[in-house]
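Here's a quick briefing to read with the model open beside you. Take a look at the sequence and fold, then work through the notes below.

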Amino acid sequence: MAKLKTFITTSGFFDLAVAAPSMKAALDIWGSRSNLFHTGLARETDDREIVKATMEKPGTVLRRAVGAKGAFKEQAELPKVAVLEKASKQKSLALPMPERKKAEPKPAKKPVEMPADRKAAAQLYDLAQKRREREEQRADEARQRERERREQAIEKAQADLDAARARYDERVAEIEEQREALDRKARLEKQRWEQEKEKLEAALKRARS
């Protein structure tokens with residue numbers, strides 16, 4: 001069995017961690033169609049707490065809210081955004097004083113809390129959307145660099161092949177010239193031998209008669 005390693009990345013509201021035998025396996029588990037490691041959006045980690053958590057559940061994606069320092073879990077809470085907390089506090093301070101004197105404060109808080117929650121959710125969505133756009137842009141740039149690298153590699157390989165073919169054709173042409181010269185030399189040698197043999201056979205015949 002291949003040795004497991006721990007890899008981490010970020011997606012939307014969460015940091016993701018997984019124990020997998022390779023970067024490719026981690027990308028498959030995350031469902032990523034681009035090489036996040038190549039673009040710097042994912043990496044291997046040796047953090048003891050993260051490694052321990054993932055090794056207990058190899059192949060399972062664990063989550064932790066972005067910016068949080070807690071443990072990675074299968075189910076994680078949404079991140080708390082400082083900007084949203086500040087906005088919520090300002091909204092509470094702006095409430096009219098008479099509302100604080102009401103005998104039943106709970107009904108008075110609901111109209112305030114719900115808009116704040118909706119605003120928080122909207123801002124969280126905007127943050128996640130911007131993060132996804134940055135990730136997609138980086139992935140697009142990485143794919144463009146990879147395409148350019150492949151094109152350069154193809155051009156170089158084609159140039160090397162063309163040069164090798166030209167050298168081969170040149171050598172074959174030289175060999176053909178040498179072969180033709182040898183064939184001519186062989187024909188001349190055969191003619192010379194036929195003439196010499198004819199004379200020697202005639203001399204042998206005269207000597208026997």
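Eleven salt bridges turn up in this structure, which is a predicted model. As a general point, side chains of opposite charge can pair when their charged atoms come close. Start with the charged pairs, then move on to the fold, the cores and the pocket.

**Salt bridges**

- In one of the pairs, the side chains of Asp28 and Lys24 meet, with 3.4 Å from N to O. Both residues sit in helix α1, four residues apart, or about one turn of the helix.
- Lys24 counts as exposed, because its relative accessibility is 60% and the cut-off for exposed is over 50%.
- Lys57 pairs with Glu74, and their closest N and O atoms are 2.7 Å apart. This pair ties together distant parts of the chain: Lys57 is in the loop between α2 (48-56) and β4 (62-65), while Glu74 is in the loop between β4 and α3 (82-93), 17 residues apart.
- Both ends of that bridge are partly exposed: Lys57 has a relative accessible area of 39%, and Glu74 comes in at 37% relative accessibility.
- Arg192 and Glu196 make another salt bridge, with 2.5 Å between the closest N and O atoms. These two are four residues apart in helix α4, so about one helical turn separates them.
- Arg192 is partly exposed at a relative accessible area of 40%, and Glu196 is also partly exposed, at 34% relative accessibility.
- Glu146, Arg149 and Arg150 are joined into one network by salt bridges that share partners.

**Overall fold**

- The protein chain has four helices and four strands. Going along the sequence, they come in the order β-β-α-β-α-β-α-α.
- Of the 209 residues in the protein chain, 20% are buried.
- Among contacts with a separation of 6 or more, 55% are between residues 24 or more positions apart.

**Helix α1 and what it packs against**

- Which residues of α1 are buried? They are Ala25, Ala26, Leu27 and Trp30.
- Those buried residues of α1 pack against β1, β2 and β3.
- Just after α1 comes Gly31, which takes a positive phi of about 80°.

**Nonpolar cores**

- In soluble globular proteins, nonpolar side chains tend to be buried together.
- The largest nonpolar core here has 14 residues, and the ones with the most contacts inside it are Phe7, Ala26, Trp30, Leu36 and Phe37. The elements giving two or more residues to this core are β2 and α1.
- There's also a second, separate core of six residues, including Ile8, Ala53, Leu62 and Phe72.
- What does Trp30 touch, leaving out residues up to four places away in sequence? Its contacts are Phe7, Ile8, Thr9, Leu16, Val18, Leu36, Phe37, Ala42 and Val61.

**The largest pocket**

- The largest pocket holds about 500 Å³ of space. Its lining has 21 residues, and the closest to its centre are Ser11, Gly31, Ser32, Leu36 and Glu135.
- Elements that give two or more residues to the lining are β1 (5-11), β2 (14-20), α1 (23-30) and α4 (105-208). Of these, α4 gives the most, with five residues.
- By class, the lining is a mix of eight nonpolar, seven polar and six charged residues.
- Two of the residues closest to the pocket's centre also come up elsewhere in these notes. Leu36 is among the residues with the most contacts inside the largest core, and Gly31 is the residue with the positive phi just after α1.

**Ser34 in its loop**

- Ser34 lies in the loop between α1 and β3 (42-44).
- Is Ser34 buried or exposed? Ser34 counts as buried, because its relative accessibility is 17% and the cut-off for buried is under 20%.
- Leaving out residues up to four places away in sequence, Ser34 touches Leu27, Ala139 and Arg143. Leu27 is one of the buried residues of α1.

How values were computed. Residues are numbered from 1 along each chain as its sequence is written. This is a predicted model: local features need pLDDT of at least 70, side-chain atom pairs count only at pLDDT 80 or more; totals for chains, interfaces and linings use all residues. Side-chain values use heavy atoms; hydrogens and water are left out. On a 1 Å grid over the protein atoms alone, a cavity is a set of points where a 1.4 Å probe fits but cannot get out, and a pocket is an open set with protein on both sides within 12 Å along at least five of seven lines; lining residues have an atom within 4 Å of a point. Grid points are joined across faces, edges and corners, and a volume is the space filled by probe spheres set on the points. Ala, Val, Leu, Ile, Met, Phe, Trp, Tyr, Cys and Pro count as nonpolar, Asp, Glu, Lys and Arg as charged, and the others, Gly among them, as polar. Buried means under 20% relative accessible area, exposed over 50%, partly exposed in between (1.4 Å probe, protein chains only). Contact means heavy atoms within 4.5 Å. A salt bridge is a side-chain nitrogen of Lys or Arg within 4 Å of a carboxyl oxygen of Asp or Glu. A nonpolar core is a set of buried Ala, Val, Leu, Ile, Met, Phe, Trp, Tyr and Cys residues joined through side-chain atoms within 4.5 Å.
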